[in-house]
Structures are given as C-alpha cells and as structure tokens.
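Me: I am new to this structure and would like a close look at one part of it, the aromatic rings that pair with each other. Could you walk me through that part and set it in the chain around it?

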Amino acid sequence: MGENPRARKLADRIQEIIAKRIERGMRDPRLGFVTITDVRVTGDLQHASVFYTVYGSDEERADSAAALEAAKGMFRSEVGKNITARLTPSLEFIHDALPENAKHLDELLAQARERDSSIEALKSTATYAGDEDPYVKPRVIADDD
C-alpha cells in the first residue's frame with residue numbers, strides 16, 4: 001500500500017519547522033550540532049517520529065538527546081502554530097544511527113578489499129592440485145581392437 005501523501009507533506013513541514021527552530025537557536029547549552037534527518041508521521045497524523053543525528057562524542061549525543069527531550073513541548077507548540085492541521089501531532093525524538101551504520105559498512109568493505117587482495121596474491125603463486133584440465137577426456141579406441 002502506498003504512503004499517505006498528506007502525512008508525507010506534514011512530515012516535510014514538521015522537519016522544516018524543527019530544523020529552523022534549532023537553527024535560530026535554543027537556549028539549552030547541552031544541545032550540540034544536531035541535524036534533523038527525517039520525520040515520519042503516522043497515517044492518522046497523530047504522532048511524528050523525528051530522526052536526528054549529532055556530530056560529536058557519546059557524551060555530546062546524550063546531552064543533545066536530553067536537551068531535545070526537554071524541549072519537546074516547545075517544539076510541539078512551534079509545530080502547532082505553523083501547520084494547518086486540526087490536531088498537533090505528538091513528537092518523539094529518535095537518534096538516527098545512519099552515520100554509525102555507514103562507518104561500519106565502510107569498515108566491512110575495507111576488510112573485503114583487503115581479503116580480495118590477499119586472495120589475488122595467493123592466486124598468482126598457486127598451482128593446480130592435479131592436471132590443468134581436470135575433465136575426463138574421451139578415450140581414443142585403437143583400430144586393431
């Protein structure tokens with residue numbers, strides 16, 4: 001089933017509103033370098049999941065998560081003022097692990113390249129265990145039989 005186009009438009013608008021509010025500045029010193037990566041709204045437009053990333057250490061991520069959680073009401077009122085929906089959706093902030101997953105995939109790809117190069121080096125010095133052509137060849141029957 002396709003996605004609700006109204007929910008997608010509302011999600012895009014919520015993402016824009018929250019990002020602008022963070023950009024204009026919040027007075028919470030715990031908030032680090034936060035980027036809103038995605039927003040998903042339920043089909044009934046009652047709940048919005050806001051995905052974000054934080055650049056920095058684990059401590060900065062925890063502080064930013066606490067700051068966003070504390071400012072949830074302020075964000076919800078800001079969203080309510082700037083959308084035309086009858087009800088303002090509740091907000092849930094979820095840390096998006098996309099950068100960490102991308103880094104892990106890059107490490108796995110580097111390991112695969114390393115293994116491929118080691119196999120290539122072994123292949124250049126390898127010899128056949130038996131004949132070069134392991135397939136059975138048809139027997140030639142002599143005429144005198």
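Reply: Happy to help; here is the chain in outline, followed by its aromatic pairs.

This is a predicted model, in which local features need pLDDT of at least 70 and side-chain atom pairs count only at pLDDT 80 or more, while totals for chains, interfaces and linings use all residues. Residues are numbered from 1 along each chain as its sequence is written, and side-chain values use heavy atoms, with hydrogens and water left out.

Let us start with the frame. The chain has four helices and three strands, where helices (H or I, at least four residues) and strands (E, at least two) are DSSP runs numbered from the N terminus. Their order along the sequence is α-β-β-α-α-β-α. The C-alpha trace spans about 105 × 40 × 20 Å along its principal axes. Of the 145 residues, 24% are buried; buried means under 20% relative accessible area, exposed over 50% and partly exposed in between, with a 1.4 Å probe and protein chains only.

Now to the rings. A pair of aromatic rings is described by the distance of the centres and the angle of the planes. Rings of Phe, Tyr and Trp (its six-membered ring) pair if their centres lie within 6.5 Å; planes under 30 degrees apart count as stacked, over 60 as edge-to-face and the rest as tilted. The structure holds three aromatic pairs.

One of them joins Tyr52 and Phe93: the ring centres are 6.5 Å apart and the planes stand at 70°, so this pair is edge-to-face. Tyr52 sits in strand S2 (residues 47-55) and Phe93 in strand S3 (residues 90-95), so to speak two distant parts of the chain, 41 residues apart, that the pair links. Both Tyr52 and Phe93 are buried.

Phe93 also pairs with Phe75. Here the centres are 5.5 Å apart and the planes at 55°, so the pair is tilted. This pair, too, links distant parts of the chain, with Phe75 in helix H3 (residues 72-82) and Phe93 in strand S3, 18 residues apart. Phe75 is buried, with a relative accessible area of 1%, and for the buried Phe93 the value is 10%.

Put together, ring pairs link Tyr52, Phe75 and Phe93 into a cluster.

Contacts give one more view of the chain. Among those between residues at least 6 apart in sequence, 61% join residues at least 24 apart, a contact being heavy atoms within 4.5 Å.
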